[in-house]
Amino acid sequence: MMPAASPAAATTLHTILDRLSDAERPFFLLGEDASPVNAEAIMDGDGVEELGATLDAVIGVLASRLGRGERRLWALAVDSLTNRLLWLGAATGQLGRAQAMAVDLVAALDRPGVPAPRFTTLRDLPEGVRDVWVRRGSCCLVSRVPGHGSCADCPRQTPAEREARLRERALTGGDH
Ligand code: SF4
């Protein structure tokens with residue numbers, strides 16, 4: 001069972017995300033001028049060290065203040081990075097490339113015990129409907145914020161439930 005988190009912390013995080021526009025949210029972790037090109041620059045080694053150092057610092061502080069284990073926070077970071085790269089891949093018609101970039105980026109970060117990105121591929125979707133999604137291993141606590149429902153890709157669901165909800169999201173045009 002995941003440890004309880006402070007409702008105030010969950011609300012604060014959600015307040016930050018709420019202040020970002022839909023266009024800004026995908027770049028939250030990559031920097032304000034991030035783009036597929038910038039993501040490539042990170043893969044070329046330009047920024048991997050800084051990204052790793054930033055995550056080390058943020059995760060260290062959050063782990064000490066929220067009482068959540070660093071490995072769980074790294075899992076959240078990996079899922080978030082992968083989610084955003086897939087969003088960019090879907091937006092630019094390069095989902096396969098985005099998948100490979102996510103795997104390579106986490107490998108390049110080279111943090112012991114940090115999980116590799118995982119994916120769910122939905123079968124038999126109409127052409128043009130996004131079929132690759134993050135198979136999350138982390139909980140973002142959003143469902144604890146008043147007024148927010150549960151995540152379609154919640155890892156606490158059965159695989160069949162998760163796939164059905166992701167399929168519905170894909171077919172209705174949701175992006176994350
Ligand atoms: S629905 Fe979202 S916030 Fe709630 S437990 Fe699942 S992943 Fe965590």
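**Close-up views of a predicted model**

**View 1. The buried side of helix α4.** Buried residues in α4 are Trp74, Ala77, Val78, Asp79, Leu81, Thr82, Asn83, Arg84, Leu85, Leu86, Leu88 and Gly89. The model shown here and in every other view is predicted. The helix counts 22 residues. From first C-alpha to last, α4 reaches 31 Å, close to the 32 Å expected at 1.5 Å a residue. An α-helix has 3.6 residues a turn, so residues three or four places apart point the same way. Just after α4 comes Gly93, with a positive phi of about 70°.

**View 2. The largest nonpolar core.** This core holds 17 residues. Those with the most contacts inside it are Ala77, Leu81, Leu85, Leu86, Ala98, Met101 and Ala102. At least two core residues come from each of α4 (70-91), α5 (95-109), β2 (132-134) and α6 (159-171). The largest share belongs to α4, which supplies seven residues. Ala77, Leu81, Leu85 and Leu86 also appear among the buried residues of α4.

**View 3. The shell around the ligand.** Cys139, Cys140, Leu141, Val142, Ser143, Ser150, Cys151, Cys154 and Arg156 surround the ligand. By class, the shell divides into six nonpolar residues, two polar and one charged. Two shell residues, Cys140 and Leu141, are taken up in the next two views.

**View 4. Cys140 and its contacts.** Cys140 lies in the loop between β2 and α6. It is partly exposed, because 19 other C-beta atoms lie within 10 Å and a buried residue needs 20 or more. Which residues does Cys140 touch, leaving aside its neighbours within four places in sequence? The contacts are Leu76 and Cys151. Cys151 belongs to the ligand shell as well. Another shell residue, Cys154, follows Cys140 by 14 residues along the chain, and their C-alpha atoms are separated by 8.9 Å.

**View 5. Leu141, a positive phi beside the ligand.** The loop between β2 and α6 also carries Leu141. Phi of Leu141 is near 70°, a positive value in a residue other than glycine. Most residues other than glycine have a negative phi. Is Leu141 buried or exposed? Leu141 counts as buried, because it has 22 C-beta neighbours inside 10 Å. Leu141 is one of the residues that surround the ligand.

**View 6. Asp124, a positive phi in another loop.** Asp124 sits in the loop between β1 (119-121) and β2. Its phi is positive, about 55°, although Asp124 is not a glycine. Asp124 is exposed, because just 6 other C-beta atoms lie within 10 Å. Leu141, by contrast, is buried.

**View 7. The whole chain, for orientation.** The chain has six helices and two strands. Along the sequence they follow the pattern α-α-α-α-α-β-β-α. Of its 176 residues, 19% count as buried. Among contacts with a separation of 6 or more, 54% join residues 24 or more positions apart.

**View 8. Confidence along the chain.** Average pLDDT is 78, and 72% of the residues score at least 70. Residues 1-6 fall below 50. Beyond near neighbours in sequence, this stretch has eight contacts in the model. Over residues 24-37, pLDDT also stays under 50. There the model has 19 contacts beyond four places in sequence.

Technical notes
Residues numbered from 1 in each chain as written. Predicted model: local features only at pLDDT ≥ 70, side-chain atom pairs only at ≥ 80, totals over all residues. Near = placed C-beta within 6 Å. Nonpolar A, V, L, I, M, F, W, Y, C, P; charged D, E, K, R; others polar. Core = buried A, V, L, I, M, F, W, Y, C linked by C-beta atoms within 7 Å. Buried ≥ 20, exposed ≤ 12 C-beta atoms within 10 Å, placed from the backbone. Helix = DSSP H or I, 4+ residues; strand = E, 2+ residues; numbered from the N terminus. Expected span 1.5 Å × (residues − 1). Contact = placed C-beta atoms within 7 Å. pLDDT = per-residue confidence, 0-100.
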